[in-house]
Structures are given as structure tokens and as C-alpha cells.
Amino acid sequence: MLRSQDGGAAVLRLDDFLPYRLSIASNLVSGHIASAYEQLFGLSIPEWRLVAIVAEEGRIAQSAICERSRMDKVTVSRAAIALADRGLVARVPHDGDRRSHLLMLTAAGEELYAQVAPKALELEARLFAEFSEEELAGFTAMLRRMERAVLGF
């Protein structure tokens, strides 16, 4: 936040600047989770996000994954290729658009998701164990409002 000193002009203090604090917290949480997913399942964060989205959707175009996850096309494409090479996702023809394909989980991908999802929920519970349900609901609501605000710029 900007702080005024003695009624003068606002002064930027990085440690109090909310975008900075959000970035630091996000990097710490992402790093912690990335390390766990890599050690336990050999998945990068983009790969895990892709698996989770495909698991929720059943079949989905890479462009829709980009839109939903806010990951760029190159990141999604690399994750899809890596997962396909491991036999975790398959590309199927897209009836509505012959130029693109839909991604879906293979049986091995569904099995992996069934193993990873409970661990993800466990990690989330451990990370936020010291927060009340009301605090978490408020925090989630604030994050969604922040996302809408940024998208509205």
C-alpha cells in the first residue's frame, strides 16, 4: 500500500505493496506445491493444471485450457506433448473444428488424477490449516474480485 509520510506525498514501500505481497505469496505456494507434485508424481505445475482441467471437462481444446488456466499457448502445448508422451492424455478429433484436437485423459491419466487429486486437497488443507472457513471464503471472494478487476482494465 502507499503510505503518506507526515501528510505529504504517498511513498511506495515494497513490503506493504499488495501486488508485491501477492506475488511473493503466490511464488512461495506454487514452489511448495510444484516440489510436491514433481517428487510424488513427476508432474510440473502446468502439467498438473492441464490434467486437472481435462479431468473436470472430459474433452477440451488446448485453446480452452489456455483461457481457463491463464497459461500461454506454448506452456499448454508443451505440457500436452509431455503428458501425451507419457500416455496420460490423448488427442482426439474435434468435430466442430477440423484444424484442432481435443484432449482427454487416458486410463493411465485418470488413474494418475485419482492419485493426485486427494494429495492436492491434502496440501491445500495443510497450507491453510490456520485459517478459519470464514477467512478462506473471504480470501477466495477477494481473489475472484481481484481477477475480475484486472480483466476489466
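## A quick tour of the fold, a helix pair and two pockets

Helices α2 and α4 sit roughly perpendicular to each other, because the angle between them, about 80°, falls in the 65 to 115 degree range that counts as such. Keep in mind that this is a predicted model. Besides that helix pair, here is a look at the overall chain and at its two largest pockets.

**The chain as a whole**

- You'll find six helices and five strands in the protein chain.
- Walking along the sequence, the order is β-β-α-α-β-α-α-β-β-α-α.
- The chain is more spread out than a compact globule, because its radius of gyration is 19 Å, well over the 15 Å that the globule rule gives for 153 residues.
- Laid along its principal axes, the C-alpha trace covers about 65 × 35 × 25 Å.

**Where α2 meets α4**

- Helix α2 runs over residues 45-57 and helix α4 over residues 73-85, and their axes lie 9 Å apart.
- On the α2 side, the residues in contact are P46, E47, L50 and V51.
- Facing them from α4 are T75, V76, A79, A80, A82 and L83.
- Sorted by class, this contact has eight nonpolar residues, one polar and one charged.

**The largest pocket**

- How big is the largest pocket? Its volume comes to about 2100 Å³.
- A set of 37 residues lines the largest pocket, and V29, R49, E124, L143 and E147 are the ones nearest its centre.
- Five elements give two or more residues each to that lining: α1 (18-41), α2, α3 (62-69), α5 (107-127) and α6 (133-152).
- Which helix gives the most to the lining of the largest pocket? That's α6, with ten residues.
- By class, the lining of the largest pocket breaks down into 24 nonpolar, four polar and nine charged residues.

**The second largest pocket**

- The second largest pocket holds about 230 Å³ of space.
- Its lining is made up of L18, P19, R21, L22, F139, M142, L143 and M146.
- Helices α1 and α6 each chip in at least two residues to the lining of the second largest pocket.
- What classes do the residues of this lining fall into? Seven are nonpolar, one is charged and there are no polar ones.
- L143 turns up in both places: it is one of the residues nearest the centre of the largest pocket, and L143 also lines the second largest pocket.

Key
Residues are numbered from 1 along each chain as its sequence is written. This is a predicted model: local features need pLDDT of at least 70, side-chain atom pairs count only at pLDDT 80 or more; totals for chains, interfaces and linings use all residues. Side-chain values use heavy atoms; hydrogens and water are left out. Axes are lines fitted to C-alpha atoms, for helices over the stretch in contact, and angles run from 0 to 180 degrees between N-to-C directions. Helices (H or I, at least four residues) and strands (E, at least two) are DSSP runs, numbered from the N terminus. Angles under 35 degrees count as roughly parallel, over 145 as roughly antiparallel, 65 to 115 as roughly perpendicular and the rest as oblique. Contact means heavy atoms within 4.5 Å. Ala, Val, Leu, Ile, Met, Phe, Trp, Tyr, Cys and Pro count as nonpolar, Asp, Glu, Lys and Arg as charged, and the others, Gly among them, as polar. On a 1 Å grid over the protein atoms alone, a cavity is a set of points where a 1.4 Å probe fits but cannot get out, and a pocket is an open set with protein on both sides within 12 Å along at least five of seven lines; lining residues have an atom within 4 Å of a point. Grid points are joined across faces, edges and corners, and a volume is the space filled by probe spheres set on the points. The radius of gyration is taken over C-alpha atoms; the globule rule is 2.2 Å times the number of residues to the power 0.38.
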